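Biologist: I'd like a close look at the open spaces in this protein and the parts that frame them. Please work outward from a single residue and spell out your cut-offs as you go.

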Amino acid sequence: MSLHGGQAVEAEAEPHIVDTARVLGRMTDAVAVRAYETAGSWAAAREDSLLTTFARHCPKPVINVGSARRDPCQALGDSLTLQEQFGEVEGKRFVLTWAWHPRALPTAVPVSAALAAAGLGMEIVIARPEGYELDPEDTALIRKTAQEMGGEFVHISDDPDDALVGADAVYVASWGSVKLFGKTEQEQETRSGLRDWRLTPSRLRSTRGGKGIVMHAFPYLRDVEIDDKVLESPNAVVVEQAENRLHAERAILLELMGTSRS
């Protein structure tokens with residue numbers, strides 16, 4: 001199910017979420033929830049109040065399939081993809097690069113992807129235009145995780161060409177400006193001049209040996225976020241990545257509910 005709010009959960013809205021959580025908890029063995037704010041302040045949205053309120057009142061396991069700050073199911077699928085592609089992942093360079101998109105999307109996918117790579121001991125590089133920095137707390141957690149797992153937080157770049165040099169894996173993602181969260185018109189104006197932020201064949205050639213794998217949390221916009229030629233190249237593992245989210249979520253359900261239920 002999806003829950004979208006214009007601002008953090010208000011007192012008058014909470015009973016609706018509480019009742020829904022209680023009822024679904026009587027009808028299901030687990031509930032998958034996608035919930036994030038679309039307006040208001042980032043200070044409020046970053047708390048993921050819709051999701052946490054639902055989880056607090058649902059008597060059955062609640063699976064986060066996308067909030068303002070985290071997408072753990074995507075992260076597990078991404079981890080599986082990286083391990084399948086490289087085998088030995090530690091020390092490989094993972095570049096998370098921002099891409100233009102007509103809408104301001106949540107930071108959940110890029111942050112979760114970077115945390116997944118950091119958790120595997122990879123070198124982390126983040127490329128984004130000025131003004132599109134991730135939440136400072138999330139950036140600090142990515143850095144800390146990489147260091148603890150034997151990897152390295154290499155640097156943050158505002159140059160998409162420089163950032164891709166030597167990449168083993170390129171993760172293309174779009175996200176909205178945290179600084180301009182809820183300021184739709186201003187955010188749209190800011191991103192309007194950033195259409196050049198997309199993965200092209202020439203940029204792909206600067207990856208390690210020109211063979212860096214290309215990842216994206218499906219669906220993607222062809223020739224907008226990633227050039228069609230890149231998506232049709234042997235470098236792209238986006239289909240495998242999409243399949244692996246299925247396997248990750250099946251594993252989650254088995255872990256939560258076991259194998260005895262019919």
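Modeller: Helices (H or I, at least four residues) and strands (E, at least two) are DSSP runs here, numbered from the N terminus. With that in hand, our starting residue is Ser67, which sits in strand E3. Some housekeeping: this is a predicted model, so local features need pLDDT of at least 70 and side-chain atom pairs count only at pLDDT 80 or more, while totals for chains, interfaces and linings use all residues. Residues are numbered from 1 along each chain as its sequence is written, and side-chain values use heavy atoms, with hydrogens and water left out.

Ser67 counts as buried because its relative accessibility is 2%; buried means under 20% relative accessible area, exposed over 50%, and partly exposed in between (1.4 Å probe, protein chains only). Skipping neighbours within four places in sequence, Ser67 is in contact with Ala35, Tyr36, Asp48, Leu51, Pro106 and Ala108, where contact means heavy atoms within 4.5 Å.

Now for the open space. On a 1 Å grid over the protein atoms alone, a cavity is a set of points where a 1.4 Å probe fits but cannot get out, and a pocket is an open set with protein on both sides within 12 Å along at least five of seven lines; lining residues have an atom within 4 Å of a point. Points are joined across faces, edges and corners, and a volume is the space filled by probe spheres set on the points.

The largest pocket comes out at about 570 Å³. It is lined by 27 residues, and those closest to its centre are Arg34, Val109, Ala217, Phe218 and Pro219. Strands E2 (31-37), E3 (62-67) and E7 (169-173), plus helices H5 (108-119) and H11 (238-257), are the elements that give two or more residues to this lining. Sorted by class, the lining has 15 nonpolar, seven polar and five charged residues. The classes are simple: Ala, Val, Leu, Ile, Met, Phe, Trp, Tyr, Cys and Pro count as nonpolar, Asp, Glu, Lys and Arg as charged, and the others, Gly among them, as polar.

Take H5, one of those contributors. H5 runs for 12 residues and reaches 16 Å from first C-alpha to last, close to the 16 Å expected; the expected span is 1.5 Å times one less than the number of residues. H5 is mostly covered, with 10 of its 12 residues buried. Among them is Ala108, which we already met as a contact of Ser67. The buried residues of H5 pack against E3, helix H4 (72-86), strands E4 (93-98) and E5 (123-127), helix H6 (136-148) and E7. Just after H5, Gly121 takes a positive phi of about 80°.

H11 also gives residues to the lining of the largest pocket. H11 has 20 residues and spans 29 Å from first C-alpha to last, close to the 28 Å expected. In H11, Val238, Gln241, Asn244, Arg245, Ala248 and Ile252 are buried. They cover an arc of only 115° around the axis, which puts them on the same side of H11; the arc is that of the directions from the helix axis to the C-beta atoms. What covers the buried residues of H11 includes E2, E3, H4, E7, strand E8 (213-215) and helix H10 (228-231). Gly258, just after H11, has a positive phi of about 75°.

The second largest pocket holds about 400 Å³ of space. Of the 20 residues lining it, Thr38, Ala104, Leu105, Phe181 and Gly182 are the closest to its centre. E2 turns up again here: E2 and helix H8 (184-191) each supply at least two residues of this lining, and H8 gives the most, with three. By class, this lining divides into nine nonpolar, seven polar and four charged residues.

What about enclosed space? A search of the whole structure finds one cavity of 30 Å³ or more, and its volume is about 40 Å³. Thr97, Trp98, Pro160, Leu164, Trp197, Arg198, Leu199 and Arg203 line this cavity: five nonpolar, one polar and two charged.
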